Amino acid sequence: MRNAYSSSTTPKSSGITPEAVYYNRRSFMKSAGAIAMGAFLAACNPGYETDIESTSTLSASLVDELGAPANSYEEITSFNNFYEFTLSKTEVADLAKDFKTSPWEVEVSGLVQKPGVYTIDDLTQKYPLEERVYRLRCVEAWSMVIPWTGFELASLLKDVKPLTDAKYVRFETLHDLTQMPGLRDTSYPWPYTEGLRLDEALHPLTLLVTGIYGKALPPQDGAPIRLVVPWKYGFKSIKSIIKIELVEKQPQTFWNTIAPDEYGFYANVNPDVSHPRWSQAQERRIGENTRQKTLVFNGYAEDVAALYSDMDLSENF
Ligand code: MTE
């Protein structure tokens with residue numbers, strides 16, 4: 001068994017510097033059925049600024065649904081895991097700075113009635129973008145709070161009409177040796193792939209993301225489009241996606257292939273199930289020195305626990 005994740009020093013806190021004002025997801029969810037969805041769910045493109053005057057549901061500060069303040073743009077974009085570039089978290093941004101993210105196509109195929117190939121413009125024009133402040137909990141026991149711009153994966157999946165045999169969704173990252181120096185390490189099972197059960201993929205918390213802080217996603221964070229599954233360890237949130245495939249069987253995934261005893265397919269955040277080499281009971285929020293308790297399903301239990309009601313989560317970790 002290999003040492004999966006490298007360790008690297010964390011950046012100094014540059015403070016919490018909200019660059020825009022965002023609403024709280026839970027308050028949004030509560031008022032979602034209400035009238036003016038469009039008023040506070042205003043469709044936006046990277047660069048869009050939230051109009052704080054338009055509604056009282058907007059929070060005055062940039063916090064996640066549990067009230068935790070967002071990390072700064074600087075923190076989110078200078079401390080990254082993106083092994084296709086490097087194992088060094090603080091060097092990803094520099095090595096990825098010239099990464100070509102346009103033109104870009106995402107193939108949606110497999111067990112669907114309506115397979116298709118989409119450009120990023122196709123997707124962002126078809127599916128209104130919204131902002132969601134989610135916590136991201138890495139399996140390495142650090143976390144961040146990130147204001148993502150994206151749309152629900154479910155919207156796209158429903159449009160391609162999964163066939164009844166489709167039970168899982170498989171995702172694949174670009175594999176381009178000319179741009180991604182980390183791919184030269186052939187001991188890894190490239191391309192990076194991930195997978196979700198179809199009901200997880202259809203869950204309204206599961207996002208396809210194209211931006212951070214209202215700006216286009218930078219390369220180091222998975223431009224031009226990535227997955228974000230907030231109740232799972234960060235490695236499920238695959239970056240720079242070129243293919244989304246509906247399949248019948250549980251797909252092979254990158255980390256699960258490398259070390260199945262350490263990185264389960266489900267990878268739901270669980271403080272009660274230790275990684276074989278470290279505890280998952282606590283985490284360190286980037287930018288803070290103290291550790292805090294890790295929450296079951298990363299704080300999203302109310303929304304997602306029902307997906308796993310018939311499963312033993314210590315076996316299906
Ligand atoms: N996706 C790809 N293609 N390659 C990677 O190395 N790392 C994962 C995930 N997605 C990774 C990836 C891990 S381990 C984490 S914690 C998150 O991306 C980190 O996302 P961030 O750098 O935007 O914080």
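## The ligand and its surroundings

In this predicted model, the ligand is surrounded by 17 residues, and the closest of them are Tyr83, Glu84, Asp221, Arg226 and Lys239. Sorted by class, this shell consists of eight nonpolar residues, five polar ones and four charged ones. The space that the ligand takes up is the largest cavity.

## Polar contacts and cover

Oxygen atoms of the ligand come within reach of several N or O atoms of the protein. In the side chain of Asp221, which is also among the closest residues, an N or O atom lies 2.8 Å from a ligand oxygen. The side chain of Asn80 places an N or O atom 3.0 Å from an oxygen atom of the ligand. At Asn81 the contact comes from the backbone: one of its N or O atoms is 3.3 Å from a ligand oxygen. On its own the ligand has 530 Å² of accessible area, and the protein covers 100% of it.

## Salt bridges

Side chains of opposite charge can pair when their charged atoms come close. The structure contains 14 salt bridges. One of them joins the side chains of Lys89 and Glu140, with a distance of 3.0 Å from N to O. Lys89 belongs to the loop between helix 3 (73-78) and helix 4 (92-95), while Glu140 belongs to the loop between strand 3 (130-137) and strand 4 (142-152), so this pair ties together parts that lie 51 residues apart in sequence.

## Backbone details in the loops

Two peptide bonds that lead into a proline are cis. The bond from Ser102 to Pro103 has omega near 0°, and Pro103 sits in the loop between helix 4 and strand 1 (105-110). The bond from Trp190 to Pro191 has omega near -5°. Pro191 is part of the loop that runs between strand 5 (168-173) and strand 6 (193-197).

Ala141 has a phi angle near 75°, which is a positive value in a residue other than glycine. Ala141 is located in the loop between strand 3 and strand 4, and Glu140, the partner of Lys89 in the salt bridge, is found in that loop too.

Note on methods:
Residues numbered from 1 in each chain as written. Predicted model: local features only at pLDDT ≥ 70, side-chain atom pairs only at ≥ 80, totals over all residues. Heavy atoms only, no water. Near = heavy atom within 4 Å. Polar contact = N/O pair within 3.5 Å; in protein donor to acceptor, adjacent residues only side chain to side chain. Areas by Shrake-Rupley, 256 points an atom, 1.4 Å probe, with all protein chains shown as cover. 1 Å grid on protein atoms, 1.4 Å probe; cavity = no way out; pocket = protein on both sides within 12 Å on 5 of 7 lines; lining within 4 Å. Sits in = over half its atoms within 2 Å of the grid points. Nonpolar A, V, L, I, M, F, W, Y, C, P; charged D, E, K, R; others polar. Salt bridge = Lys/Arg side-chain N within 4 Å of Asp/Glu carboxyl O. Helix = DSSP H or I, 4+ residues; strand = E, 2+ residues; numbered from the N terminus.
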